[in-house]
Amino acid sequence: MRKNVILIFLCAFCLISHAAKTVWPDGTPIDPKVRDTTRVDVKSLGRQYVITDYGVVIDSSRVQTAAIQAVIDRAAAEGGGVVVLPEGTFLSGALFFRPGTHLHLRQGAVLKGSERIADFPIRVTRIEGQTCKYFTALINADGLDGFTITGRGTVNGNGYHYWKEFWIRREWNPQCTNKDAQRPRLVYLSNCKNVTVQDVRLVNSPFWTNHLYRCSFVRYLNVYIYSSTTGVKGPSTDAIDIDFCHDILVHGCYMNVNDDAVVLKGGKGTWADKDPDNGPCSNILIQHCHYGTVHGCLTLGSESLHDRNVILRDCVSDDANRVLWLKMRPDTPQHYEFVTVENMSGRCGSFLVIRPWTQFFQPEKRDDMPLSTCNNIVMKHIRMDCQNFFDVGASPKYALRDFTFEQVDVQDVKNAFATDVIQNTIVKNVKINGKKFK
């Protein structure tokens, strides 16, 4: 009888656990497409166009943008297919993928970005929460359905000299912004859906590594994302910037960058919520990832309006400055809600950070300015060594309510956890430095 009771309990526990894995924090179901980690079979994507069969040569010193673009355009004109980079290094400026085309980098293949900003034409795009003219990325895809980037090869942004220039400018002018330093991104996907980026190494981006704008159902599967965090550091080389998007999966990725890892964006400024180019991020799932050195594992802001249904789970951090960072801009109406961080382990500086973010902000007068709010934020099953587990400050510019800390067991040097900073703080089985919090 006892064995039957135990078996029934275990089955019920498994069902509850499975159900918890299939719903968003607000209780709505996660679309199966977002949970799908099935790998793309490149052979199913159509004819393969190996670029060296069409006049492109293996040469790490010769910029071959036009020749590689011609292969992409030919594939599109002939009904679509996979543009394949064989083993070797190919230097290029901005490339634009067309409907029906894909990119595959074989083992040992390197698509390397040009060091000349002139090889990245200026177009209307999105940068730092604003629509403006700026430089294109190395890989660009706009309005594509089903686009893929696959293979064991490397997309190398060749960012070293761009980074050096940025730090020289910053030394000369401490107010130098990202826009002042002319740098391309590595991958820019806009208005795309059903995209998969799988297995590739995305390294040394001059600026943001991946930028998604107005995209849906995008999957990053087992991708290695890296930029320098020592010596000449890669400034603002965010791993994945998610800008006005929904239903995004980041699964099994390694991220080590000299800025934030996964960042939610959507617009900034006092009137940002009135601009149709801006918008919310929702249904974002980050799981089974490994963080090296990053500024933030999951950051909402600094250009966010409304972020809802965000999950960071089953991840490990080697040396994150912060795990969950809620940047609160005093000049922007912001709402962060239904965010869950669970099953997180490793080391970090601060675990939860909520502070005003005032870098380069420009407040304007607005009589009906909404009060920014963070609510329904859950942290559970956390085991970490922290310098400061609870780095939270109150402000008249925002309201904090309905936070839950459950099954937390942390080492915390600062030992500043408190329940009076956030309205309706729920604490369930929280241990700090081996002592149960009461």
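In the predicted model, R214 is placed in the loop between β16 (210-213) and β17. Although R214 is not a glycine, its phi is positive, at about 50 degrees. The residue is partly exposed, with a relative accessible area of 34%. A positive phi also occurs at D402, which is likewise not a glycine; here the value is about 60 degrees. D402, however, belongs to strand β29. Its relative accessibility of 22% places D402 in the partly exposed class, because buried is reserved for values under 20%. A further backbone feature is the cis peptide bond that joins G301 and S302, with omega at about 10 degrees. S302 is located in the loop between β25 (298-300) and β26.

Strand β29, which spans residues 398-412, also contains T404. T404 has a relative accessible area of 14% and is therefore buried. When residues up to four places away in sequence are not counted, T404 touches I377, V378, M379 and I426.

Charged side chains were examined next. Side chains of opposite charge can pair when their charged atoms come close. The structure holds 21 salt bridges. One of them is formed by the side chains of D26 and R308, with an N to O distance of 3.0 Å. D26 lies in the loop between α1 (2-21) and α2 (32-35), whereas R308 lies in strand β26 (residues 306-328); the pair therefore ties together parts that are 282 residues apart in sequence. Both partners fall in the partly exposed class, D26 at 23% relative accessibility and R308 with a relative accessible area of 28%. The pair does not stand alone, as D26, R308 and E337 are linked in a network of salt bridges.

A second salt bridge joins the side chains of D36 and R219, at 4.0 Å from N to O. This contact, too, links distant parts of the chain: D36 is in the loop between α2 and β1 (48-50) and R219 is in strand β17 (residues 216-221), with their positions 183 residues apart in sequence. The two partners are assigned to separate accessibility classes. D36 is partly exposed, with a relative accessible area of 32%, while R219, at 9% relative accessibility, is buried. A salt bridge is also found between the side chains of R116 and D119, with an N to O distance of 3.2 Å. The acidic partner, D119, has a relative accessible area of 16%, so this residue counts as buried.

Arginine side chains are also placed over aromatic rings. R123 lies over the face of F96, at 4.1 Å from the ring centre. In a similar arrangement, the charged end of R185 sits over the ring of Y188, and the distance from the centre of that ring is 4.3 Å.

Contacts between aromatic rings form the last group. A pair of aromatic rings is described by the distance of the centres and the angle of the planes. The count of aromatic pairs comes to 17. Among them, F166 and W167 form an edge-to-face pair, with 5.0 Å centre to centre and 85 degrees between the planes. The assignment as edge-to-face follows because the angle between the planes is over 60 degrees. Within this pair, F166 is buried at 2% relative accessibility, whereas W167 is partly exposed, with a relative accessible area of 33%. Y224 and Y226 provide an example of a stacked pair, with 6.3 Å centre to centre and 20 degrees between the planes. Here the angle is under 30 degrees, and the pair is therefore classed as stacked. Y224 is partly exposed, with a relative accessible area of 25%, and Y226 is also partly exposed, with a value of 28%. Beyond these pairs, F351, F389, F390, F405, F417 and F437 form one aromatic cluster.

Definitions and conventions: Residues are numbered from 1 along each chain as its sequence is written. This is a predicted model: local features need pLDDT of at least 70, side-chain atom pairs count only at pLDDT 80 or more; totals for chains, interfaces and linings use all residues. Side-chain values use heavy atoms; hydrogens and water are left out. Helices (H or I, at least four residues) and strands (E, at least two) are DSSP runs, numbered from the N terminus. Buried means under 20% relative accessible area, exposed over 50%, partly exposed in between (1.4 Å probe, protein chains only). Contact means heavy atoms within 4.5 Å. Rings of Phe, Tyr and Trp (its six-membered ring) pair if their centres lie within 6.5 Å; planes under 30 degrees apart count as stacked, over 60 as edge-to-face and the rest as tilted. A charge sits over a ring if NZ of Lys or CZ of Arg is within 6 Å of the ring centre and within 35 degrees of the ring normal.
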